[in-house]
Amino acid sequence: MTLEVADLTHRYGDELALEDVSFEVDAGEIVGLLGPSGCGKTTTVQAIAGHVNPTTGEIHLRGEDITADPPERRDVGVVFQEPTLFPHLTVAENVAYGLRPAGVDPDERAAIVDHYLELVSLSEQREAMPAALSGGQKRRVELARALAPQPDVLLLDEPLSALDRGLRDRLREEIARIQRETGVTTLYVTHDQETAMALSDRLVVMSDGQVAGVGEPRELYESPPTPFVASFLGRSTRLPVTPPGDPGLTLERRALAGDGGTPVDANVTCLARPGDITLLDSGQAENAHTLIGVVDRVTDLGTRYEAVLTLDAGGDLTVETQSAPPEPGELACCTIDRTDLLLFEESSGRVGPVC
Amino acid sequence: MRSHISRTDDDVSTYTRTTWTARSTLLVPALLGGLLLVYVAVPFVAFLARTGTADVLARLAGPQAQVAIRNSLLTATTSTTVATVLGVPLAYVLARRSFPGKRLLEGLIILPLVLPPVVAGAMLLTAFGRFTPIGATAYAVGIELTGSFIGIVLAQTFVAAPFVVVTARAGFGAIDERLERASRSLGYTAFGTFRHVALPLARGTILAGVTLTFARAMGEFGATYMVASNPRTMPTRIWVDFINGGIDAVVPVGLALLAVTLAVLAVVQRVGRVPTVIDR
């Protein structure tokens, strides 16, 4: 593999920012490093780039331990969260900036700059100063600047988070194309699960300074290893779990304790995707697998409705539906296919779907 | 006045109203400030009124004035160079690192700005005077630290160096550290990054600091007079002329110094970005 992060732990003073973070990025692969703000993504990236010295742990690049190397000896390209174009240099000079230390012959530099400006479709802006560029153009120049010295690995630290949605989507496409064309090994850091799923060959999900799950996006989405991954990759809503023997709701008893199912105890967390839950017409309410609650609020999102139910069994349940749900204050019944339930035993992680 | 224009446009009337409100609110501070401005302007006018052009030029061409001007230009250039070469790196460290005792160091470096120059001169004499260990050692190898060209440079550097340190520090502080990280990740060492990113980006501010230092060194009198009243610089020349010939004798060299000051001001305004004296 190209990049290997092994047991990375970092403390800022007393605060533990990273705890035993390990993952790998293979050659040519684009890996999404995904997690909420403050989960340690940026610290991880800074450690890989050499701008943070990890408390313990190792970073290997092409099989070589680079943990103690200064940033300039690492062959790691970085695109930071905020624009970092050199304001006193033109676009072309910015892109050429890393070529001299990379040992590129002066005669060849102009051609390389041309090539990378073309790659990001900014040949016209060669002589422009960074201040004259739009937000999206700046990002593209930075991408070209980071790629020009042909780094072993490219780190993209939330490069799109400061842009508006339309631009973000277009640039995401462009980054995917550029990554395909250059084949550069890439670590893409983001808190946006949609971007991460769309771009990545594999995902590393982080939570609270630790790796919460590693895998292909679809695989992580469909069978999340932890409740955190389930709620962060796509939304999920928690279903109340009744201990066995308790006169609880039909759904819990049947789904969890039913034939061949996992024995239920109170330490089990049961999650479901809002889209997997079906609202029933009042006529079907007698059906076996049902949850009953009062509609608390309804949000019309245009393409769908979102209803929050206060369950009789306690807790809130979010339901997505195409047709208009009952008005707030009315009673609603819903059901979920038991194969769609995501079950987790709190101590040992995933229990698995009950089917 | 806007109010006379016969338009009932809402915008216009709002504009007029706010303008009037703004005017009446600023009336008192404007009057007080105006008084200060007049007070500052009067001496300039009075001083310039003393000049008879021919006499000034003739006096400036005289040997004494020429020596003073040459000495001042030489010493001020030297002390500004010393202050810049040593002060800009110090400013960079102060802008980029925090370490125990940093506040103390920062206090120390701005101390000469507020210290009365004559006290600074006395302190310099206690440290480098002819009969102190350092002064005596230097004298033994033939270097006079007081009453000499070097003495003038010592006094000027002590008093004027804080300007370039404080200004350059603010200039470096204003540069986003991420630019330097980007430069490091693009293969440049810490020194290469300083040279290619920090220095060019802080250039305007550093230049302003250098210019201010030069102006302060040119005008330095108190400490210089204590440490090295000879050879004469322009300020010490002015003092001697004043003692011997009264106020009119001072006008020619005084005008020359004023001209230097105006030139410095023009440069500083041109390169812009003069931060407040103490910028944390």
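Q: Where does pLDDT stay under 50 towards residue 280 of chain B?
A: This is a predicted model, and the stretch in question is residues 275-280 of chain B, where pLDDT stays under 50. The model has eight contacts for that stretch beyond four places in sequence.

Q: And what is the average pLDDT of chain B?
A: Chain B averages 87, and 88% of its residues score at least 70. Residues 1-13 of chain B are another weak stretch, with a pLDDT below 50. Beyond near neighbours in sequence, residues 1-13 have six contacts in the model.

Q: What ipTM and pTM does the predictor give the complex?
A: The ipTM is 0.81 and the pTM is 0.78.

Q: OK, the interface. How many residues of each chain are in contact?
A: On chain A there are 18 residues in contact, and on chain B there are 13.

Q: Which element of chain A gives the largest share of the side that touches chain B?
A: Strand E6 of chain A, residues 76-79, gives the largest share, with three residues.

Q: How does that side of chain A divide into nonpolar, polar and charged?
A: The side of chain A that touches chain B has 11 nonpolar residues, five polar and two charged.

Q: Switching to the fold of chain B. How many helices and strands are there?
A: Chain B has 13 helices and zero strands. Read along the sequence, the pattern is therefore α at each position, α-α-α-α-α-α-α-α-α-α-α-α-α.

Q: What percentage of chain B is buried?
A: Of the 280 residues in chain B, 37% are buried.

Q: And how many of the contacts in chain B join residues at least 24 apart?
A: The share is 75%, taken among contacts between residues at least 6 apart in sequence.

Q: Helix packing next. At what angle do H4 and H7 of chain B cross?
A: The axes of H4(B), residues 102-114, and H7(B), residues 149-173, cross at roughly 125 degrees and come within 8 Å. An angle of that kind falls outside the parallel, antiparallel and perpendicular ranges, so H4(B) and H7(B) are oblique to each other.

Q: Left-handed or right-handed?
A: H4(B) passes H7(B) in a left-handed crossing.

Q: Which residues make the contact?
A: From H4(B) they are Ile109(B), Ile110(B), Pro112(B) and Leu113(B). H7(B) brings Phe158(B), Val159(B), Pro162(B), Val165(B) and Val166(B). By class that is nine nonpolar residues, with no polar and no charged ones.

Q: What about H4 and H5 of chain A, what angle there?
A: H4(A), residues 135-147, and H5(A), residues 165-182, pack at about 15 degrees with their axes 11 Å apart. The cut-off for roughly parallel is under 35 degrees, so H4(A) counts as roughly parallel to H5(A). The crossing of H4(A) and H5(A) is right-handed.

Q: Which residues of H4(A) and H5(A) make that contact?
A: Gly135(A), Gly136(A), Arg139(A), Leu143(A) and Leu147(A) come from H4(A). On H5(A) the residues are Leu167(A), Leu171(A), Ile178(A) and Thr182(A). They divide into five nonpolar, three polar and one charged.

Q: Back to chain B: Asp241(B), buried or exposed?
A: Asp241(B) counts as buried, because 23 C-beta neighbours lie inside 10 Å and the cut-off is 20 or more. Asp241(B) is in helix H12 of chain B, residues 234-245.

Q: Which residues is Asp241(B) in contact with, leaving aside neighbours within four places in sequence?
A: Ala249(B), Val250(B) and Val253(B). Val227(B) is 14 residues from Asp241(B) along the chain, and their C-alpha atoms are separated by 19 Å.

Q: Backbone oddities now. Where is the cis peptide bond at Pro231(B)?
A: The cis bond joins Asn230(B) and Pro231(B), with omega about -5 degrees. Pro231(B) is in the loop between helix H11 (222-227) and H12 of chain B.

Q: What is phi at Asp7(A)?
A: Phi of Asp7(A) is near 50 degrees, a positive value in a residue other than glycine. Asp7(A) is in strand E1 of chain A, residues 3-12. With 13 other C-beta atoms within 10 Å, Asp7(A) is partly exposed.

Q: And Glu158(A), where is that one placed?
A: Glu158(A) is in the loop between strand E7 (153-157) and H5 of chain A. Its phi is positive too, about 45 degrees, although Glu158(A) is not a glycine. Glu158(A) counts as buried, with 21 C-beta neighbours inside 10 Å.

Note on methods: Residues numbered from 1 in each chain as written. Chains lettered and ligands numbered in written order. Predicted model: local features only at pLDDT ≥ 70, side-chain atom pairs only at ≥ 80, totals over all residues. Contact = placed C-beta atoms within 7 Å. Helix = DSSP H or I, 4+ residues; strand = E, 2+ residues; numbered from the N terminus. Nonpolar A, V, L, I, M, F, W, Y, C, P; charged D, E, K, R; others polar. pLDDT = per-residue confidence, 0-100. Buried ≥ 20, exposed ≤ 12 C-beta atoms within 10 Å, placed from the backbone. Axes fitted to C-alpha atoms, helices over the stretch in contact; angles between N-to-C directions. Parallel < 35°, antiparallel > 145°, perpendicular 65-115°, else oblique. Left-handed = near helix turned anticlockwise from the far one by under 90°.
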